[in-house]
Structures are given as C-alpha cells and as structure tokens.
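Subject: Structure handover

Hello,

Here is the structure I promised to pass on. Please open it first, then read the notes below.

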Amino acid sequence: MFIFAHVFAGALLGLVLWHLTNDRRAIPVCIVASVIPDLIDKSLGLLFPAVLGGGRTVFHSLGLVVLLLLVTFLFVRSSERLLGIGVAGAILLHQVLDEMWHEPSNWFYPLLGPFQGSMIPDYIRNYFWFEITNPGEWMFMIGTVVILLQSYHWGALIPVPFLSGRVKTGVYTFIVVVFGVMGFYLVAEGLTSPTGTLITPFYTQIPNVMAGLLALIGAVIMSVEKYEGPHQPAGEVVE
C-alpha cells in the first residue's frame, strides 16, 4: 500500500493506545512508526542496491518487530511500555498492509536466506505519481488529519476559531460516514474483481480488501473516539 494508508493505520492504532494509556503521545508515535519501514528501507535500498537489492528489507522483517518487543519489555520502564508496543505494532501493521507474506525471504529474514527483491525504476517519481493519482490515499490523508484535529481538540494543532462545535461535529461525522461507505465499496470490489477501483486504481484484489477493512475499522474506531473519548487521568481538563 501507499504512504497514507500506512499513516492512517498508525493513527488508528495510536487512538486505541491513547484510550488504554491516557497518553496522547501514542498518536504521533504510532504515525511516525507506521512510515519508518519505508523511510529507512527505501533509503537503504537506494543507497546500497548491490547489498540489499530492494526497498523491503530490515524494517519489513518480523525479526525487527520481535527485537523491538524484546527491547521494550527488557529496557523500557513499565509506564512507557505500551508506547514501545505501539511502535512495534505500527511497524507490524505496515508489514501486513504490504503483504509481506509474498516476500518470505525478507519477512522471515534471516531464516530463509538473504534479502531479495528490487527497487521500482525511478522509484521516487513513480511512487509520487501512484500516490497523488489514488483518491483512496487522499481519503486516508484526510482521515489522519481529522483524527489529529479531533484528538487535539482542533485548536491545539491548527487555529480554527471560525469552526463552531456543531460544524466540527458535522465534519467529523461526515468523514466517518464516508469511510464506512468507502470501506464497504472496496471490500465488495476486492471480493468480486481482481483489478483496481475508481478510488484505488493501482491496487489489486487483496490490497482493495485490506484498504476496505482499514476504512471500516477506521469508521468504527473514530466513532468510538468521538462519542466516548479516552479515559482522562485525574486533574486533566477536557475541552
């Protein structure tokens, strides 16, 4: 999948961890962790193509996830441990959305031999083109922004004094409904057609189903966050 599908998945995981930890840092931490595999592996692949070959190597391996979990449980204090689990979880989500089971040598490295694969020719320009011409990615980007604005009470990140509470609620509800509709559409198309859709022209069957499930899960989690909100620690004021 492309970058904003990964970012949206990280934002959703961050929302869940926020509910569990009352630590709002979980959202940006999981968002950053969700794109780390591509930022690091693609850079290494471009710098050392003869050694690593492709752009899904170290941070696309299950071994890296296991290592992060071990470090979290052995060296991270208990109050911060769920954030460490969130980092490992966001990276694992990235790997699942990238269908790493199709690249077993890389996913199970080093158990099945060296890293394999190759970079897309002219990767940066082609990847940018795939991204901006995929309307589904625009929706995942918008969903991520709305999650951030809602979670930080809108004004903490971007001053929006002209938006009343009713308008904010309406925008948020509209986005949730759109994600629900998009999710059902992508799952249905993915189950019936092997090709891309109008909003995901470069996806194939399995990515379409996964993108649809991601959108549906997003609609559910965003709804829960809207109507229940995270459990607030004593003394914290909720706007």
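What volume does the second largest pocket have? The value is about 200 Å³. Keep in mind that this is a predicted model.

Which residues line that pocket? From the N-terminal part of the chain come Ala 9, Leu 12, Leu 13 and Val 16. Leu 93, Val 96 and Leu 97 also belong to the lining. So do Met 210, Leu 213, Leu 214, Ile 217 and Ile 221. Three elements each give two or more residues to this lining: α1 (3-21), α5 (81-97) and α10 (205-227). The largest share belongs to α10, with five residues. By class, the lining has 12 nonpolar residues, no polar ones and no charged ones.

Now the chain as a whole. It has 10 helices and zero strands. Along the sequence the pattern reads α-α-α-α-α-α-α-α-α-α. There are 239 residues, and 44% of them count as buried. Take the contacts with a separation of 6 or more: 69% of these join residues 24 or more positions apart. The chain exposes about 12,200 Å². Carbon and sulfur atoms supply 74% of that area.

Next, the aromatic rings. A pair of rings is described by two things, the distance of the centres and the angle of the planes. How many aromatic pairs are there? The count comes to seven.

One of them joins Trp 107 and Phe 108. Their centres are 5.4 Å apart, and the planes make an angle of 55 degrees, a tilted pair. Is Trp 107 buried or exposed? Trp 107 counts as buried, because its relative accessibility is 12% and the cut-off for buried is under 20%. Phe 108 has a relative accessible area of 34%, so it is partly exposed.

Tyr 109 and Phe 115 form another pair, and this one is stacked. The distance is 3.9 Å centre to centre, with 20 degrees between the planes. Tyr 109 is at 34% relative accessibility and therefore counts as partly exposed. Phe 115, at 15%, counts as buried. Each of these two pairs thus has one buried ring residue, Trp 107 or Phe 115, and one partly exposed partner, Phe 108 or Tyr 109.

Finally, look for Phe 8, Phe 140 and Phe 179. These residues form one aromatic cluster.

Best wishes

Notes
Residues are numbered from 1 along each chain as its sequence is written. This is a predicted model: local features need pLDDT of at least 70, side-chain atom pairs count only at pLDDT 80 or more; totals for chains, interfaces and linings use all residues. Side-chain values use heavy atoms; hydrogens and water are left out. On a 1 Å grid over the protein atoms alone, a cavity is a set of points where a 1.4 Å probe fits but cannot get out, and a pocket is an open set with protein on both sides within 12 Å along at least five of seven lines; lining residues have an atom within 4 Å of a point. Grid points are joined across faces, edges and corners, and a volume is the space filled by probe spheres set on the points. Helices (H or I, at least four residues) and strands (E, at least two) are DSSP runs, numbered from the N terminus. Ala, Val, Leu, Ile, Met, Phe, Trp, Tyr, Cys and Pro count as nonpolar, Asp, Glu, Lys and Arg as charged, and the others, Gly among them, as polar. Rings of Phe, Tyr and Trp (its six-membered ring) pair if their centres lie within 6.5 Å; planes under 30 degrees apart count as stacked, over 60 as edge-to-face and the rest as tilted. Buried means under 20% relative accessible area, exposed over 50%, partly exposed in between (1.4 Å probe, protein chains only). Contact means heavy atoms within 4.5 Å. Accessible areas come from the Shrake-Rupley method with a 1.4 Å probe; for residues, only the protein chains shown count as cover.
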